[in-house]
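Q: Please take a close look at the surroundings of the ligand. Then set that site beside the side-chain pairs and the backbone of the chain.

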Amino acid sequence: MKIREEVPADFAAMDRVCAAAFATVPYGSPHDSKITGLLRDAGALTLSLVVEDAGEIQGHVSFSPVIIGNRSEGWYCLGPVAVAPESHGKGIGSQLIRDGLARLKDLGALGCVLLGNPAYYARFGFEVQNGLLMDGETSPYLQALNFQGEIPEGEVTFHPAFFEG
Ligand SMILES: CC(C)(COP(=O)(O)OP(=O)(O)OC[C@H]1O[C@@H](n2cnc3c(N)ncnc32)[C@H](O)[C@@H]1OP(=O)(O)O)[C@@H](O)C(=O)NCCC(=O)NCCS
């Protein structure tokens, strides 16, 4: 199994894996598999990794810039992250996330935020932050991991690619 940066030949398989993975969860939507392509087209895909096994794409994770409060430098969003349903629970998602966070840190990032279940993301060091807001409100799913310095406070503005319409 190899984790590496995406290349154009991966794009279709990445979209398929993402669509299949998000179809297995109640919070998934068809839009989830479009986000990485929209980020890429907008020049906002800071880092995109795939897991390849025997020539097949088994998963991928994307990172894109976020604005927190009035701060637009150094903070990124992790997501979407997806693993092919037949490969869930084998540690692939964890390896992908750990590798992605290490590479993001090496790029000089100050930290990373995401929206997700803390029961999964706590293992990577993410913590729910009451100082972070979405639409002016705290969220039990809005988490951050800082690599350097303090975690900023305020509204988290994700790239428009995350939202439909
Ligand atoms: C989330 C996902 C990427 C994890 O990949 P994976 O390779 O199955 O994960 P791992 O094998 O590294 O870890 C499995 C663990 O994650 C847990 N887990 C997976 N998805 C979870 C979720 N949404 N909420 C809470 N825990 C979750 C499993 O219960 C398991 O827990 P355990 O280690 O305590 O037994 C994968 O399940 C997936 O593609 N899900 C559909 C898309 C999705 O939900 N993406 C994340 C959106 S925030």
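A: A residue counts as near a molecule if one of its heavy atoms lies within 4 Å of it. In this predicted model, local features need pLDDT of at least 70 and side-chain atom pairs pLDDT 80 or more, while totals for chains, interfaces and linings use all residues. Residues are numbered from 1 along each chain as its sequence is written, and side-chain values use heavy atoms, without hydrogens or water.

The ligand is surrounded by 19 residues. Tyr27, Gly89, Gly91, Gly93 and Ser94 are the closest of these. Polar contacts (pairs of N or O atoms within 3.5 Å) involve both backbone and side-chain atoms. On the backbone side, a polar atom of Gly89 is 2.8 Å from a ligand oxygen, and an N or O atom of Gly93 lies 2.7 Å from an oxygen of the ligand. From a side chain, an N or O atom of Arg123 is 2.9 Å from a ligand oxygen. The ligand taken alone exposes 870 Å² (Shrake-Rupley, 1.4 Å probe), and the protein buries 69% of that.

Turning to aromatic side chains, the structure holds five aromatic pairs (ring centres within 6.5 Å; planes under 30 degrees apart are stacked, over 60 edge-to-face, the rest tilted). The pair of Tyr120 and Tyr121 is edge-to-face, because the ring centres are 5.0 Å apart and the planes stand at 70 degrees. Tyr120 is partly exposed, with 27% relative accessible area, whereas Tyr121 is buried at 10% (buried is under 20%, exposed over 50%, partly exposed in between). Ring pairs join Tyr120 and Tyr121 with Phe124 and Phe126 in a cluster.

Charged side chains come next. Side chains of opposite charge can pair when their charged atoms come close. The whole structure has four salt bridges (a Lys or Arg side-chain nitrogen within 4 Å of an Asp or Glu carboxyl oxygen). Arg4, Asp10 and Glu52 form a network of such bridges. Within this network, Asp10 meets Arg4 at 2.7 Å, N to O, and Glu52 meets Arg4 at 2.8 Å. The Glu52–Arg4 pair links distant parts of the chain, with Arg4 in strand 1 (residues 2–5) and Glu52 in strand 2 (residues 47–53), 48 residues apart. Helices (H or I, at least four residues) and strands (E, at least two) are DSSP runs numbered from the N terminus. Arg4 is buried, at 16% relative accessible area, and Asp10 is buried as well. Glu52, at 22%, is partly exposed.

Another salt bridge is formed by Arg103 with Asp99, at 2.6 Å between the closest N and O atoms. Both residues lie in helix 3 (residues 92–106), four residues apart, about one turn of the helix. Arg103 is partly exposed at 26%, and Asp99 is partly exposed at 23%.

The backbone has some features of its own. Most residues other than glycine have a negative phi, and most peptide bonds are trans. The bond from Gly79 to Pro80 is cis, with omega near -5 degrees, and Pro80 belongs to strand 5 (residues 75–83). Ala54 has a positive phi, near 50 degrees, in the loop between strand 2 and strand 3 (56–65). Asp135 also has a positive phi, about 50 degrees, in the loop between strand 8 (132–133) and strand 9 (142–146). Ala54 counts as exposed at 77% relative accessibility, and Asp135 is exposed at 70%.

How values were computed
Phe/Tyr/Trp six-rings, centres within 6.5 Å; stacked < 30°, edge-to-face > 60°. Buried < 20%, exposed > 50% of the residue type's maximum accessible area, 1.4 Å probe, protein only. Polar contact = N/O pair within 3.5 Å; in protein donor to acceptor, adjacent residues only side chain to side chain.
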